[in-house]
2 protein chains.
Amino acid sequence: MRMVDIIHNKRSGQALTDDEIKFFIEGYTKGDIPDYQAAAFMMAIYFQGMNSQETAVLTKAMADSGETIDLSGIKGHKVDKHSTGGVGDKVTFIVGPLVASAGVPVAKMSGRGLGHTGGTIDKLEAIDGLEIEMSKERFVEIVNTHKLAVAGQTGNLAPADKKLYALRDVTATVEAVPLIAGSIMSKKLASGADSIVLDVKTGSGAFMKTMEDSEALAKEMVAIGNNLGRKTIAIISDMNQPLGFEVGNANEIKEAVDILKGAKVDDLRTLSLEIASHMTVLAGAFSHYDEARTALEANLENGRAFEAFRRFIIAQGGDAGMIDDTSKLPQAKFHLDIKAEEEGFVAEIDAESIGTAAMYLGAGRATKEDAINHAVGITLKKKIGDPVQKGDVLVTLHADTESPENAVQKVRQAYRFSPEPINRPQLIHKVIGD
Amino acid sequence: MRMVDIIHNKRSGQALTDDEIKFFIEGYTKGDIPDYQAAAFMMAIYFQGMNSQETAVLTKAMADSGETIDLSGIKGHKVDKHSTGGVGDKVTFIVGPLVASAGVPVAKMSGRGLGHTGGTIDKLEAIDGLEIEMSKERFVEIVNTHKLAVAGQTGNLAPADKKLYALRDVTATVEAVPLIAGSIMSKKLASGADSIVLDVKTGSGAFMKTMEDSEALAKEMVAIGNNLGRKTIAIISDMNQPLGFEVGNANEIKEAVDILKGAKVDDLRTLSLEIASHMTVLAGAFSHYDEARTALEANLENGRAFEAFRRFIIAQGGDAGMIDDTSKLPQAKFHLDIKAEEEGFVAEIDAESIGTAAMYLGAGRATKEDAINHAVGITLKKKIGDPVQKGDVLVTLHADTESPENAVQKVRQAYRFSPEPINRPQLIHKVIGD
């Protein structure tokens, strides 16, 4: 088998055989196939696509290219969630305890990563003492006892995906649906969950800007999951503005805790309940969505969800006092209100710009070496559809410097107003694979 | 400017700016742009194409990436020819003297190369004493005195093309018309001719198998040439069987010399006259094609064309006795007739298989280090359309071993017969850019 022939076959629009795909992934991981052949191959896939069989085989081969995590020590049906990423997305901190509160085990592996704010792990580290590095035995034990644990991703998960993604990033081949889907799903597969709920974001602040693209990605991922024996559902949710009101690290934990304590923050609570309901149905804890939804809403009201979060924090060494009283979470030195200079209705809040402003404040990392400042962040006071009077506070910046000019400017760029009333965007656009 | 953005622009179907194309060629030649970005870029061009402006700029940038040959010391309008390659193509040995016989200077640079038989230079070296390495001054002097000289390609012509071609070969991106056209034309431009006549082969034995592809390539090359100020014409000629009757080295020289002495070998003579007529018209020696054709046919009859060849051979130190009496050219030890085992009409002669048989005999090189055996080769006795009786000689092999079994087998595979009469293939399909 020669790589040049495999590239040629894909370039000509042929479906590749399982062996051809495995030959590529194995050879590329080992370094036998050079980057230049992989790059031409990725571009050929960009133009010719892959059918569901090819995509499933590619995903499996990438998942098998390194370590795979064995969660068989955990009792019960393990269900995982994944979001394609957005600004203000702290859904994991609500969904994890919610699902655990229904008795379904959640064994969450998360990363740090670069971006506007920290990753799941970084945000959790706003809580003093919380330890995310632990042995596999300890991780399994916490999940078995408390139904929820979060650990940092260790080991060499899907190295083929890591290597390919880095290559795609510099060869303009990121935006190919089978490759994006395979990349996400290979890591989920290697992480060992039995079922997966995907939150595919759509809109100006999402990786996929249009419903069409978002739906294509969602369908592809659901097909891969089901093809490889994992029950998979994808929710397409709106990312035309940040999710919830808080963007940062400690303040995002606070917002999640508020909801776990029963607060009714509109979009964030709704999306969390939607995802958690599907997860618990997939796990078999409830027989259908409505039953799950009713039970989980009750668990937000009756304190069980918060209690599940609290037990997890304590089990991993965290200071529960900081979530009992979220004012004890890290606080920034300065709080700067940005006020409306015109009146009207909020028409747009560019999530990308809000995220960048948060990064300017120190909430995220531009390079791997950067430290996260857990205290800083942004609180939105007005969201799309809200009426605004001149002088109303749009946003409060939590900063450790007195006048964070570049962040202020970014926030101002993010808001657009309309003289006419504006509808709030629909939050849940579609559920695929239900 | 970032290469990833240039790849992205092409991938999205945009026309690239002149600066983007130059940035790529300069960066890639210097090694600043890595092979993997170039490979993804080539594949994007394969799918999205390039317009005539882009292709011209690419070609010019490749021509400018290394040395360019200054032929300004040669008096008169310099006209070059190029063939996309086929089996039995010894047209250069006829066209060169023909054009020279009309007083038009032909300064031919040729290569050796790998393949079924030797390149132009290798074939000429069948003539004892002929020297193809010489100073530029001597080359110019021979052309000025005798109107014809042939020199080995020296120096670093179009290194960007050399590097890109090697990459395309292993990334399944050879077959992109703008890239093929740019590759050929960049070397022609760097070689300094004022006008160019291209012989684009079409058919089973050609790089381009279909008329559609051949015409697309011809049009692209003509557009590039004219775009960059070189008068360019392309002839699309048939390569559904070897050209002429001889395939090898010394025997190809012999066939060419026979034609220069007035022999009427059908397809070879006709194509040579066609090419030479266009060349002399482009050079201004004749006012139109018919005038050129009549004059050049006369020069084959009256000995002027042969005399031009003879003067060139002597000027470059060759033994003219070997062309005066071609039986003095290197001769193989054995001559083996391959006879028809059935009767009918010759329907196909796979040029590729005939070429491979010639290489098996030792007429070509499989690797750069191989030596050429000038004496061996193949003489076709039957061509497409010829009636054949059982026992008729189809082919004579000239070999230095007594039973060259693999060559015999390849020749047998090449021939297909039909019980019904078969038309001879049309030789000249089209002239582009006239």
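Colleague: Which residue of chain A does R11(B) form a salt bridge with?

Modeller: With E175(A), and the closest N and O atoms are 2.8 Å apart. Keep in mind that this is a predicted model.

Colleague: And what does R11(A) meet in a salt bridge?

Modeller: R11(A) meets E175(B), at 2.8 Å from N to O. That pair crosses between chains, from helix α1 of chain A to the loop between α8 (159-170) and α9 (177-190) of chain B.

Colleague: Are those two, R11(A) and E175(B), buried or exposed?

Modeller: R11(A) counts as buried because its relative accessibility is 6%, under the 20% cut-off. E175(B) counts as partly exposed, at 38%.

Colleague: OK, how many salt bridges are there between chain A and chain B?

Modeller: The count is 2. There are also 8 residue pairs in polar contact between the chains.

Colleague: Which elements of chain A touch chain B, then?

Modeller: The ones giving two or more residues are α1 (3-11), α3 (35-48) and α8 (159-170) of chain A. The largest share, 10 residues, comes from α3(A). By type, that side of chain A divides into 12 nonpolar, 5 polar and 4 charged residues.

Colleague: How much area do the chains bury between them?

Modeller: About 1800 Å², with 71% of it on carbon and sulfur atoms. On the chain A side, R11(A), Y36(A) and F47(A) lose the most area to chain B, together 37% of what that side buries. The contact takes 21 residues from chain A and 21 residues from chain B.

Colleague: How are the two copies related?

Modeller: A turn of 180 degrees and a shift of 0.1 Å along the axis lays chain A on chain B with an RMSD of 0.1 Å. The copies are thus related as by a two-fold rotation axis. In chain A, Y36(A) has the C-alpha nearest that axis, 1.8 Å from it.

Colleague: Why do you say they meet through the same surface?

Modeller: Because 100% of the interface residues of chain A are also interface residues in chain B.

Colleague: Back to α1, but in chain B. How many of its residues are buried?

Modeller: 7 of the 9, so helix α1 of chain B is largely enclosed by the rest of the structure. Among the buried ones are M3(B), I7(B) and R11(B).

Colleague: What do the buried residues of α1(B) pack against?

Modeller: Both chains contribute: α3 and α8 of chain A, together with α2 (18-30), α3 (35-48) and α4 (52-63) of chain B. Just after α1(B), G13(B) takes a positive phi of about 90 degrees.

Colleague: Changing topic: where is H429(A)?

Modeller: In strand β13 (residues 428-432) of chain A. H429(A) is partly exposed, with a relative accessible area of 26%. A polar contact of 2.9 Å joins its side chain to that of D238(A). Leaving aside neighbours within four places in sequence, H429(A) is also in contact with residues including T202(A), M211(A) and I236(A).

Colleague: Which helices hold K123(A) and E252(A)?

Modeller: K123(A) is in α6 (residues 120-124) and E252(A) is in α11 (residues 250-260), 129 residues apart. Their side chains meet in a salt bridge of 2.8 Å, N to O, and both residues are buried.

Colleague: What about K201(B), which residue does that one pair with?

Modeller: K201(B) forms a salt bridge with D89(B), with the closest N and O atoms 3.6 Å apart. K201(B) sits in strand β4 (residues 195-202) of chain B, and D89(B) in the loop between β1 (79-83) and α5 (92-101). Both are buried.

Note on methods
Residues are numbered from 1 along each chain as its sequence is written. Chains are lettered from A and ligands numbered from 1 in the order in which they are written. This is a predicted model: local features need pLDDT of at least 70, side-chain atom pairs count only at pLDDT 80 or more; totals for chains, interfaces and linings use all residues. Side-chain values use heavy atoms; hydrogens and water are left out. Contact means heavy atoms within 4.5 Å. Buried area is the accessible area (1.4 Å probe) that two parts lose on being put together, summed over both. A salt bridge is a side-chain nitrogen of Lys or Arg within 4 Å of a carboxyl oxygen of Asp or Glu. A polar contact is a pair of N or O atoms within 3.5 Å; within protein, one must be able to donate a hydrogen and the other to accept it, and residues adjacent in sequence count only if both atoms are side-chain atoms. Helices (H or I, at least four residues) and strands (E, at least two) are DSSP runs, numbered from the N terminus. Ala, Val, Leu, Ile, Met, Phe, Trp, Tyr, Cys and Pro count as nonpolar, Asp, Glu, Lys and Arg as charged, and the others, Gly among them, as polar. Buried means under 20% relative accessible area, exposed over 50%, partly exposed in between (1.4 Å probe, protein chains only). Copies are superposed by least squares on the C-alpha atoms of residues with pLDDT of at least 70 in both.
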